[in-house]
Amino acid sequence: MKNRNFLKCLWVTLALFFVSTNAFAHNLWLNPGNHYPEVGETVDIVIGWGHEYVESRTDQEVKEETVKDISAVDPDGNIVELERKSPSLFQLKIDKPGVYLVTAEIKPGIFTTTPEGRKWANKKEVQHPLKCTAYNIIAKTLIVAGKNDRNLSAPTGQPIEVIPLKDPSNLKKGDSLPIRVLFEGKPLAGISLNAKYAGYDKETSGDGHGHGPGVKHFPVETITDDHGEATITPETSGHWIIMLSHRTPYPDTETCDEYMYNAAFTFEIK
């Protein structure tokens, strides 16, 4: 009996550890073929999905039915629909100078971890719930057309959003990109931000095999200040991603425990 109780407690502990460290670690991001086009061009935009921001910027193929929405706000503040060419490929016609803010999200969902594993249901719908998370996974990128930064720092209304405060098209490696993070339209203080360039996970240190205490997972790690602002300093040129995750209590704890917002913002340093 003691051994059985010990094993049960051990399993619950391990399950809770899994929930806190690995629960739904997927991210969504956007891959424009050209972040800085001229007016009149058509830009391909691929939806990235998965765990790793690899050199190709495509980790896993996103399923068509998974995507809830993808759209852009043009330099005049108007919403522009993108043309779908495949489940993950869209096109945006650039017809005026300024900044196009492109956003995407997958369909929100909910899951509960139990001693038997993860269930795609809330706590009331499963037996022996350990922890429940309602998730919202979103992405944002920017396209600066005609070397014009009009509408650069306009919010798009995402529940959690990275706002660039400086035009990245003018930056070189080693220059700083100031940003602001909004949650429900208000500055979010004390949120951790991680940034890396495409393919960074292929670089290893320590044991040389991509794991162990010597590995640094993000070349840039910072936290927003009291105004929700932080500075990202890319040390290399190329495609970059800023990732953040924010959790808030679920209003009905008998149904679920928390909301989780995973967000990613992509840009390019030439």
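Is His128 buried or exposed? With a relative accessibility of 54%, His128 counts as exposed (exposed means over 50% relative accessible area, buried under 20%, and partly exposed in between, with a 1.4 Å probe and protein chains only).

A word on the ground rules. This is a predicted model, where local features need pLDDT of at least 70 and side-chain atom pairs count only at pLDDT 80 or more, while totals for chains, interfaces and linings use all residues. Residues are numbered from 1 along each chain as its sequence is written, and side-chain values use heavy atoms, with hydrogens and water left out.

**The chain overall**

The chain has one helix and 18 strands (DSSP runs numbered from the N terminus, with H or I of at least four residues for a helix and E of at least two for a strand). Of its 270 residues, 45% are buried. Take the contacts with a separation of 6 or more: 63% of them link residues 24 or more positions apart (contact means heavy atoms within 4.5 Å). The accessible surface is about 13500 Å², and carbon and sulfur atoms own 50% of that (Shrake-Rupley method, 1.4 Å probe; for residues, only the protein chains shown count as cover).

**Two loop residues with positive phi**

Most residues other than glycine have a negative phi. Here are two residues that go the other way:

| Residue | Phi | Place | Relative accessibility |
|---|---|---|---|
| His128 | about 55 degrees | loop between strand 9 (117-119) and strand 10 (131-145) | 54% |
| Glu184 | about 55 degrees | loop between strand 12 (177-183) and strand 13 (186-187) | 58% |

Like His128, Glu184 is exposed.

**The disulfide**

How many disulfides are there? The count comes to one, taking a disulfide as a pair of cysteine sulfur atoms within 2.5 Å. It joins Cys132 to Cys256, with S to S at 2.2 Å. Cys132 sits in strand 10, and Cys256 in the loop between strand 17 (238-249) and strand 18 (258-269), so the bond ties together parts that are 124 residues apart in sequence. The torsion about the S-S bond is about -95 degrees, which means the disulfide is left-handed. Cys132 is buried at 0% relative accessibility, and Cys256 is buried at 0% as well.

**A pocket and a cavity**

Both were found on a 1 Å grid over the protein atoms alone: a cavity is a set of points where a 1.4 Å probe fits but cannot get out, a pocket is an open set with protein on both sides within 12 Å along at least five of seven lines, and lining residues have an atom within 4 Å of a point. Grid points are joined across faces, edges and corners, and a volume is the space filled by probe spheres set on the points.

The second largest pocket holds about 190 Å³ of space. It has 14 lining residues, and the closest to its centre are Asp69, Ser71, Thr103, Thr156 and Gln158. Strand 3 (67-73) and strand 7 (98-106) each give at least two residues to this lining. By type, the pocket lining splits into seven nonpolar, five polar and two charged residues (Ala, Val, Leu, Ile, Met, Phe, Trp, Tyr, Cys and Pro count as nonpolar, Asp, Glu, Lys and Arg as charged, and the others, Gly among them, as polar).

There is one cavity of 30 Å³ or more, with about 30 Å³ of space. Its lining includes Lys140, Gln158, Glu161 and Phe265. Strand 11 (160-164) and strand 18 are the elements that supply two or more residues to it. The cavity lining divides into six nonpolar, one polar and two charged residues.
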